[in-house]
Structures are given as C-alpha cells and as structure tokens.
Amino acid sequence: MILLLLLVFLVGVSMPVQTAVNSRLQNYLGTPLSASFVSFCVGTLLVWLVTLLWLPPTPPDYGAVPLFAWTGGITGMVCVTLFILLFPRLGGVQTVLLPILGQIMTSMLIDTFGWMGMEAKPLSTGRIIGCLIAIAGVSLAVIRKDTEKKSGGGSLLLWQIIGILNGALISIQSAANGTLGALIQSPALASAFSFTVSTILLCFLVLPSSKERAALKRIFTVKRPWWTWTGGAIGVLIVVGFAVSAPILGVGLMTVVSILGQLVFSAAIDQAGLFGAAKRPLTFQKVSGILLVLAGSLLIYL
C-alpha cells in the first residue's frame, strides 16, 4: 500500500514536470504543436512497448465501444498543447491549480448525471462544500492585482479561464479512456489507442505546415538538454501509474494523493525556477490557497 501511495504521489509530481519539460522543448523548437508532436511520438512508442507486455487475456469486443470512448486521443492532444501554452504565461502553480478546479467541477457533473458511461452518484453536501472550498482556494492563490495585464500576447484572465477549461477536458479524457479501458478489459491498450490517435491528429496539423516542419528540423540542429526528450516518457508513467493504482487504491484516494504531488512540485517549480521556468516566489496568500484546494479535494474525493 505504501509503495502504491508513493507511486501515485510520483505520478502527481510528474504532471507539472511533464508540462515544464514540454514547455522548455517549445522554447527550442519554436512552436507548441511541434513540441507536442515530439512528446506524443516518444510517448506512443513507449506506451505500445508497455501495452505489448500487458495485453488483455481475450480479444476485446470493439463493436461494443461507444463513439465517445474513442475521443480520449483528441482531448489528450488538446490538453498537452494547451499546457505548453499555459506554463510560461501562468507559472507552475496556476498551471496546476486552475486545471484542478476544472477537473473537480467537471468530474462532479459527470458523476452526478452519469455522463459518458459513468455510474451516477448523488451530489452530497460534503462534495458541494468541498467544491466551494476548492474554488475559494484557487481564487486566493491566483487572483492578483495584475490579473488584467497582458501576458504573452493576451489577457492573463483569458489564460486563466483557458486553464480551467483545460481541466474540464482532462476529466472528459479520463472518463473516455476509463470507459474504453473497462470495455476492452485493458487500461494499457486504451492508453495506447489514445496516444496513437493524438499522434495521428498532430501529424495532420504539423506535417502540412512549412513552419512546423522547419520547427521539427531543429530537433537535430539545436543543442539542448537531454531531458527535453522525456515529456512523452513522463506521460506514459502518468498513464500507467494511474492504471495500476486505481483498482487497488480507489479513485478517491488516488486523486487526492496525485493532487498533493501536483501542488507540492508545482510550487517547487515556481519557487526555484526549475526547468528554466521563471521564478515566482511563494507568498502566504498563494500557500493558503493551495492548502484550501487540498482540503476541498479531501472533502470531495474521500
């Protein structure tokens, strides 16, 4: 049990690390789509290697899979690309906190109404209070006097809203991949399909563009740290870690521990300026907001 909890915490830590690594790769290549494409290519190769060692015992019945369950690759591609765009504009803490808020709100809707093949669960008072506490925590951590200032060519408030919407997409992706994994009896195979769809879609977006092809050529001409290649591998760790842990720990405990990992390491990235990120020192207000988000998550998921 302790080893699994450590694994889930590591998965949570890996999420802001992946975003920081992919964002750094974008700095070298020049475009978010090219960075996302490289990350997914590496991840797709690795996840298929894992999947071949973890195939379901019987051939899956693909005809029983509803259309929405195949959409995880689309939302996954959008999420990773948006994270690359958000990180340099919002920093590590906001890039984690705002999507967590979007995840919480969307997952509550999915659970309450039984959307996307999920079992409907009554909306309890504790979950409502937890959601309100999480909203208060995010507001405390991210609202600043410069909210309306321009950041990276757009309003900071606009990017914050996009961050929340990106979290909603993460919940939709998780529900789609979860349903697909359950129906074909293999979370690993569902993840492999998701990675593959994302990579194919990015091929259609990147390869026809001369700008994107020129960006990809920089992979071999621009000198950069070795760890800029690891975004795809970290993505596989995240997917496989969740697949292994969920059946044993349960979704609630797994979610809370992973959120803890995300919050702790995103704060470390901002404080120390890790992976070439701009330093954004922690304040009492920001730390208080992070603790409120964690408290709200505990009420919702446990």
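Here is a short conversation about a predicted model and the words used to describe it.

Reader: What should I know before we start?
Author: Local features in this predicted model need pLDDT of at least 70, side-chain atom pairs count only at pLDDT 80 or more, and totals for chains, interfaces and linings use all residues. Residues are numbered from 1 along each chain as its sequence is written, and side-chain values use heavy atoms, leaving out hydrogens and water.

Reader: Why is H4 called roughly antiparallel to H10?
Author: The axes of H4 (residues 125–142) and H10 (residues 284–301) cross at roughly 165° and come within 7 Å. Angles over 145 degrees count as roughly antiparallel, so H4 is roughly antiparallel to H10.

Reader: What makes up the contact of H4 with H10, by class?
Author: It has 14 nonpolar, seven polar and two charged residues. Contact means heavy atoms within 4.5 Å. Gly126 and Arg127 are among the H4 residues involved, and Gln285 and Lys286 among those in H10.

Reader: Why is Ser297 called buried?
Author: Buried means under 20% relative accessible area. Ser297 has 0%, so the word fits. Ser297 sits in helix H10. Beyond its neighbours within four places in sequence, Ser297 touches Ile104, Val256, Ile259 and Leu302.

Reader: Where does pLDDT stay under 50?
Author: That happens over residues 145–153. pLDDT is the predictor's confidence in each residue, from 0 to 100. Strand E1 (residues 150–151) has the lowest mean among the elements, 48, while helix H2 (residues 32–52) has the highest, 94. The protein averages 87. Where pLDDT is low, the predicted coordinates should not be read in detail.

How values were computed
Axes fitted to C-alpha atoms, helices over the stretch in contact; angles between N-to-C directions. Helix = DSSP H or I, 4+ residues; strand = E, 2+ residues; numbered from the N terminus. Parallel < 35°, antiparallel > 145°, perpendicular 65-115°, else oblique. Nonpolar A, V, L, I, M, F, W, Y, C, P; charged D, E, K, R; others polar. Buried < 20%, exposed > 50% of the residue type's maximum accessible area, 1.4 Å probe, protein only.
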